[in-house]
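Please open the model in your viewer and keep the sequence panel beside it, since this tour moves from one selection to the next.

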Amino acid sequence: MLFAFLIFRLMYIQYTSGDKYQKIVLAQQEYDSTIIPYRRGNIVDAKGTVLATSVDVYNVILDAKVLNSSKENKKKIETTLQYLAECVPEADIDKARDIIKNKPKNQYTVLAKKVSYDEMKKFSDYANDKETGKKIEGVWFEKQYERQYPYGSFAAQTIGFISGEGNGVNGIECEYNSYLNGTNGREYGYLDSADGFEKTVIEPEDGDDVVLSIDVNIQSIVEKAIKDWNDAHTVTDPSTGITALGSKNTATIVMNPNTGAILAMAQYPNFDLNNPYNLDYFFNSTNALSKIHSTKGDGTEKTPEEMQDEFTNSLWTNFPAQATYEPGSTFKPFTISMGLDTGTLTGDETYFCDGGMQVGNYFIKCSNHSGHGQVTVKQALEKSCNDALMQMSFAIGGDNFYTYQRLFGFGQRTGVDIPGERNTSSLIYDWDHIHKDVNLATCSFGQGFNVTMMQMACGFSSIINGGTLYVPHVASEIRDSNGNVIEEIQPTVAKKTISKETSDIMRDYLRGVVQEGTGKTAGVDGYDIGGKTGTAEKVPRGTGNYLVSFIGFAPVDDPQVVVYTIIDEPNDPSQPHSTYAQEIEHAIFEQLLPYMNIEKSADAAADGSTDAAAGTADAGQSTDAAADPNAQTTVNGNVLTQAGE
């Protein structure tokens, strides 16, 4: 009767709670889970050249328990370690011996990290061989992926790099991190209720590829031109061994003015993406840290480590999107465009330049202290005459200047797909302050407010493309791991700035700057190029530090490319020479235009030679103004200069 009762009770439990107890039993069984890593997507250029990729690497894992459990364990231990040392020189054999002896039941010890596929394959061939495989036990390889950048420092600040956790730190790696990252897979193994081994595999989902609008050939042309110029201006002091770099910063953007696509974006100095934290060269061999202010805002001294961290961050910074500066005379085309588009200028006006203008309590000098004499609107741009630009700004008025400055995108983010784009809303004058005569006067020639290179390139493109301001972009497509396009970045119009008629006039004016004015050095024989020079004295004034620039485009009648270069603090006793930036642009245009199949113009007047007189016209403006104690003042908390560029 008791036995019958027990049978009945077991049947009842099985019927009412069988699933519950089965789960409890299974939960107590041996269970194993292994992560299968995903492969991070590639970053490739417009023609498919791989700029960032993930390659297979392997951790060498020792299972001491397996080795010690062998009947011939002593012999197999020595043979296994012998083959391991031969195939993977990085493996810590002494550590392996110690673990095998002192922790015989240990099943997971990393003997080497990130060994190559070739090393793994060589050892695996031995392990799988009919003869040698019998002598090898207890070593296996754990697959991982390592991020590699085949071209080292190529487009470093644009591409960016990843952290140890596998997430993008800056650049495209950061901006498109959610696309580039995938999802890890997992392999599950457990003993079922019948002691049978069950295995389930969930495959990883690899990350998507990001295709850039950047062309590796154009990027190479730009980087070489920047490096050649900086190398030519790099000087090493033989007594100290300290190297003065060619400039604090040099940067160039190449953009398609008709779409906003960025074809190249380069800067100097840069760093090796494969080893972004190793900057010993800059710390030990250059004067780079001398460019970092040694005191904090509270007046205390920074530690050497703090100065190194600050410089490291500045080196990683994408200058075109994240740095701000006063544009200088490259802003003058914007001022003239405002006047023509509002009708406050007709283009037929003439102005008399006598070397400067009295504005309130300040006499603001022109580049030519003796004066340019009578100039037209076009000649004022060609000669970069501050006096004429100030007269134009008063005709344009504060209302129009305020409206158009924002219409061109200044004081706003451009929306470029680079993380950390600088917000400049507080770096331009508000409605009240732009209506003050001295502010309006200095803003007319590009001083008293700050911009980014990205803003300038986009706004200038709208001046020469018929009046369309595009959202700039570095990426052009997203593709899945099978190569299928899953997202396409189309040209996006941000707003209309000026009329086509105004744009047509401005292209002609800008052609004159290169053919007849201060921009002759940038010209290339046979090509129809337009552009504008710029030189701006940096804050604090009077220190002799300048930012020189040139923004150019070609061909004039049908613009296909805009090239904008700035040199921040060139390493030269006399910094303010816009010819420096023009020299870089000349070298770029000379190779870029044939590469882009832009045909020569039969009547182009540019001769490709350096015109010393033209090149120093802008320089004289800033040099003389800097020497004049009355050539600077402070308005609304901003130090303004009356330098010509």
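Which strand gives the most to the lining of the second largest pocket? Select strand 5, residues 139-148, in this predicted model, for it is strand 5 that contributes the most, with nine residues. Now add strand 1, residues 31-36, which together with strand 5 makes up the elements that give two or more residues to this lining. The pocket itself has a volume of about 900 Å³, and 31 residues line it, the closest to its centre being Gln-144, Tyr-145, Glu-146, Gly-164 and Gly-166. If you colour the lining by residue class, you should find 13 nonpolar, 11 polar and seven charged residues.

Next, leave the pocket and select the five strands of an open sheet, whose order is 12-11-23-22-21 and whose pairing is antiparallel. At the edges lie strand 12 (262-268) and strand 21 (530-537), each of which pairs on one side only. With direction ignored, neighbouring strands of this sheet are turned by 5° against each other on average.

Within the sheet, show strand 11 (residues 247-255) beside strand 23 (residues 561-570), which pair in the antiparallel sense over eight bridges. To follow one of these contacts across the pair, pick Asn-249, whose bridge partner in strand 23 is Asp-568.

Then bring in the helices that pack on this sheet, beginning with helix 9 (residues 216-232), which touches strand 11, strand 12 and strand 23 and whose direction makes about 25° with that of strand 12. Helix 19 (residues 500-515) packs on the sheet as well, where it touches strand 21 and strand 22 (546-554), and its direction makes about 70° with that of strand 21.

The next stops concern the backbone. Most residues other than glycine have a negative phi, and most peptide bonds are trans. Select Val-539 and Pro-540, which are joined by a cis peptide bond with omega of about 0°, and note that Pro-540 sits in the loop between strand 21 and strand 22. Moving on to the loop between strand 22 and strand 23, you will find Pro-555, which a cis peptide bond joins to Ala-554, here with omega of about -20°. In strand 23 itself, select Glu-569, which has a positive phi of about 55° although it is not a glycine.

Finally, colour the chain by confidence. The mean pLDDT of the protein chain is 87, and 89% of its residues reach 70 or more. Over residues 605-645, however, the pLDDT is below 50, and this stretch has 121 contacts in the model beyond near neighbours in sequence.

Terms used
Residues are numbered from 1 along each chain as its sequence is written. This is a predicted model: local features need pLDDT of at least 70, side-chain atom pairs count only at pLDDT 80 or more; totals for chains, interfaces and linings use all residues. Side-chain values use heavy atoms; hydrogens and water are left out. Two strands pair if DSSP finds at least two bridges between them. Helices (H or I, at least four residues) and strands (E, at least two) are DSSP runs, numbered from the N terminus. Axes are lines fitted to C-alpha atoms, for helices over the stretch in contact, and angles run from 0 to 180 degrees between N-to-C directions. Contact means heavy atoms within 4.5 Å. On a 1 Å grid over the protein atoms alone, a cavity is a set of points where a 1.4 Å probe fits but cannot get out, and a pocket is an open set with protein on both sides within 12 Å along at least five of seven lines; lining residues have an atom within 4 Å of a point. Grid points are joined across faces, edges and corners, and a volume is the space filled by probe spheres set on the points. Ala, Val, Leu, Ile, Met, Phe, Trp, Tyr, Cys and Pro count as nonpolar, Asp, Glu, Lys and Arg as charged, and the others, Gly among them, as polar. pLDDT is the predictor's confidence in each residue, from 0 to 100.
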